[in-house]
Amino acid sequence: MTNFFDGIAKIAYEGADSDNDFAFRHYNPDEVVLGKRMAEHLRFAVAYWHSFAWPGGDPFGGQTFERPWFGETMDHARLKADVAFEMFDILGVPFFCFHDADVRPEGASFAESLRNLNAITDHFAAKMEQSKTRLLWGTANLFSHRRFMSGAATNPDPEVFAWSAATVKACMDATHRLDGQNYVLWGGREGYETLLNTDLSREAEQAGRFLQMVVDYKHKIGFAGTILIEPKPQEPSKHQYDYDVATVYGFLKRFGLEGEVKVNVEQGHAILAGHSFEHELALAASLGLFGSIDMNRNDYQSGWDTDQFPDNVPEMARAYYEVLRAGGFTTGGTNFDAKLRRQSLDPADLILGHVGAMDVCARAFKAAAALWQDGALEAARAARYGGWDEPAAKAMLAEGTLATISARVLRDAINPAPRSGRQERLENLWNRFV
Ligand code: XUL
Ligand code: CO
């Protein structure tokens with residue numbers, strides 16, 4: 001025991017009327033909803049980087065957090081892991097996620113960094129034998145170190161491409177070793193700052209080739225998890241190539257990878273791209289790309305990636321309704337890619353940020369599940385498209401031409417009568433559940 005969370009006991013479900021800060025009011029992992037335990041529907045994950053590696057800086061000031069594991073030695077890294085697994089246990093979270101750079105000190109050479117990563121992977125493996133927490137996904141940090149300032153796979157320097165490929169191999173090996181459910185690629189620096197120095201065609205070819213290598217390696221080592229791309233439109237780069245779900249789909253099609261790679265959709269990134277979270281989720285599902293979610297919001301006023309814990313039940317309910325329509329998570333889950341506010345110094349803040357987020361998600365999920373079970377919304381949607389079940393409509397779609405359709409419009413004197421979209425009625429229905 002490290003005693004970092006001194007005196008904080010395991011969080012239990014106490015029901016909506018509890019006045020205990022350190023209790024769940026809505027997240028009851030064992031409650032069965034739609035035939036499955038809530039824990040299995042929601043599949044919560046803690047993000048190692050924000051909770052244990054982020055020092056509390058912002059563009060105007062540095063570190064505010066003081067943690068006994070801040071330091072660049074393996075002893076620090078092991079202490080950090082010990083505290084992390086203590087928090088996973090207090091929260092009862094089934095999963096965690098990490099980047100290489102969150103968990104090990106950077107070495108003086110690639111070989112030393114690799115040795116450090118492998119040693120921490122061993123440490124994680126030993127801890128996971130005593131813990132119920134599993135790995136939702138691993139990933140490589142190809143954006144913080146200055147070597148990646150002009151991109152990783154899309155860098156003009158082939159040596160950075162090589163370094164990035166070797167890094168992703170190491171992170172995939174660690175993820176595979178720890179039986180990760182997914183492997184994520186977020187290309188924070190895969191984009192450009194100015195077109196004046198950028199060759200878009202080359203950079204796209206490099207990114208496509210890189211992803212093909214990732215998919216080949218997955219099959220070579222027999223990694224059974226899902227490869228996920230996490231779209232984001234900008235920040236840190238001015239323009240990022242994985243802008244949104246639609247852009248990622250076009251990229252995957254171009255390189256023949258649409259059957260191999262899915263998406264990890266983040267709430268805050270969806271908003272930065274000018275979409276809603278539910279739009280990105282619905283589109284991912286309709287394109288066969290839905291994989292996992294990062295459930296962290298941005299501040300709607302400041303307009304940048306503030307990575308806050310979710311606090312808005314109606315918004316999260318829209319998201320979980322789309323998750324249910326997509327058939328729920330398979331390898332994916334709900335990762336809190338969220339950090340505390342930099343004034344939230346206390347160990348208790350770290351616990352309470354997650355407790356609140358898990359409760360908001362559970363409450364939203366239950367509302368979405370009740371509406372899904374009720375079926376009225378899906379019935380209304382199906383009725384709206386009911387005309388397409390008629391034989392003539394089916395034939396038109398299957399074998400019609402402009403000429404045959406035109407002949408039928410004239411012959412049958414077709415004259416469509418506009419019908420209400422019933423939006424207000426459906427909004428009222430929605431609000432009866434949320
Ligand atoms: C950055 C972001 C990352 C990815 C993993 O905005 O969301 O933390 O989730 O690299
Ligand atoms: Co994210």
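A salt bridge is a side-chain nitrogen of Lys or Arg within 4 Å of a carboxyl oxygen of Asp or Glu. The structure considered here is a predicted model, and it holds 23 salt bridges. Side chains of opposite charge can pair when their charged atoms come close.

One such pair is formed by lysine 232 and glutamate 235, whose side chains meet in a salt bridge at 3.8 Å from N to O. This separation qualifies because the cut-off is 4 Å. The two partners differ in their surroundings: lysine 232 is buried, at 4% relative accessibility, whereas glutamate 235 is partly exposed, with a relative accessible area of 27%. Glutamate 235 also takes part in a notable backbone feature, for the peptide bond leading from glutamate 235 to proline 236 is cis, with omega near 15°. Proline 236 itself lies in the loop between β10 (226-229) and β11 (239-240).

A further salt bridge links lysine 253 with glutamate 258, their closest N and O atoms being 3.7 Å apart. Here both partners are partly exposed: lysine 253 has a relative accessibility of 44%, and glutamate 258 has a relative accessible area of 30%. Elsewhere, salt bridges that share partners join Asp100, Arg104, Glu106 and Arg147 into one network. Within this network, arginine 104 is paired with glutamate 106, the closest N and O atoms lying 3.6 Å apart. Arginine 104 counts as buried because its relative accessibility of 11% falls under 20%. Glutamate 106, by contrast, is partly exposed, with a relative accessible area of 32%.

Glutamate 203 offers a contrast to these pairs. This residue belongs to helix α7 (residues 200-221). Glutamate 203 is buried yet has no salt bridge, and the nearest side chain of opposite charge, that of arginine 202, is 8.5 Å away. With a cut-off of 4 Å for a salt bridge, arginine 202 is therefore not a partner of glutamate 203. Once neighbours within four places in sequence are set aside, the residues in contact with glutamate 203 are Thr154, Gly191, Thr198 and Tyr241.

Charge is also gathered on the surface. Arg384, Arg419, Arg422 and Arg425 form a patch of positive charge there. Arginine 384 is part of helix α13 (residues 376-384) and is exposed, with a relative accessible area of 51%. Arginine 422, another member of the patch, sits in the loop between α15 (402-411) and α16 (423-433). At 44% relative accessibility, arginine 422 counts as partly exposed. Its backbone is also worth inspection, since arginine 422 has a positive phi of about 55° although it is not a glycine.

A positive phi also occurs in asparagine 3, a residue other than glycine, where the angle is near 65°. Asparagine 3 is located in the segment before β1 (12-13) and is partly exposed, with a relative accessibility of 47%.

The surface also carries a nonpolar patch, formed by Tyr385, Trp388 and Leu397, with about 370 Å² of accessible area together. Of these residues, leucine 397 is found in helix α14 (residues 391-399). Leucine 397 counts as exposed because its relative accessibility of 64% is over 50%.

Methionine 295 presents the opposite case of a buried residue, with 0% relative accessibility. This methionine is placed in the loop between β13 (290-294) and α11 (313-325). Beyond residues up to four places away in sequence, methionine 295 touches Phe277, Pro310, Met316, Ala319, Tyr320, Thr334, Asn335, Phe336 and Cys361. As for one of these, phenylalanine 336, 41 residues in sequence separate it from methionine 295, while the C-alpha atoms of the two are 5.2 Å apart in space.

A further contact between separate parts of the chain involves proline 68, in the loop between α2 (48-53) and α3 (74-91). Apart from residues up to four places away in sequence, proline 68 touches Phe4, His76 and Leu79. The C-alpha atoms of proline 68 and leucine 79 are separated by 8.0 Å, and the two residues are 11 residues apart along the chain.

Conventions
Residues are numbered from 1 along each chain as its sequence is written. Chains are lettered from A and ligands numbered from 1 in the order in which they are written. This is a predicted model: local features need pLDDT of at least 70, side-chain atom pairs count only at pLDDT 80 or more; totals for chains, interfaces and linings use all residues. Side-chain values use heavy atoms; hydrogens and water are left out. Patches are made of residues with over 30% relative accessible area and no salt bridge: like charges are joined within 9 Å, nonpolar side chains (Val, Leu, Ile, Met, Phe, Trp, Tyr) within 5 Å. Accessible areas come from the Shrake-Rupley method with a 1.4 Å probe; for residues, only the protein chains shown count as cover. Lys and Arg count as positive and Asp and Glu as negative; His and the chain ends are not counted. The place of a charge is taken as NZ of Lys, CZ of Arg, CG of Asp or CD of Glu. Helices (H or I, at least four residues) and strands (E, at least two) are DSSP runs, numbered from the N terminus. Buried means under 20% relative accessible area, exposed over 50%, partly exposed in between (1.4 Å probe, protein chains only). Contact means heavy atoms within 4.5 Å.
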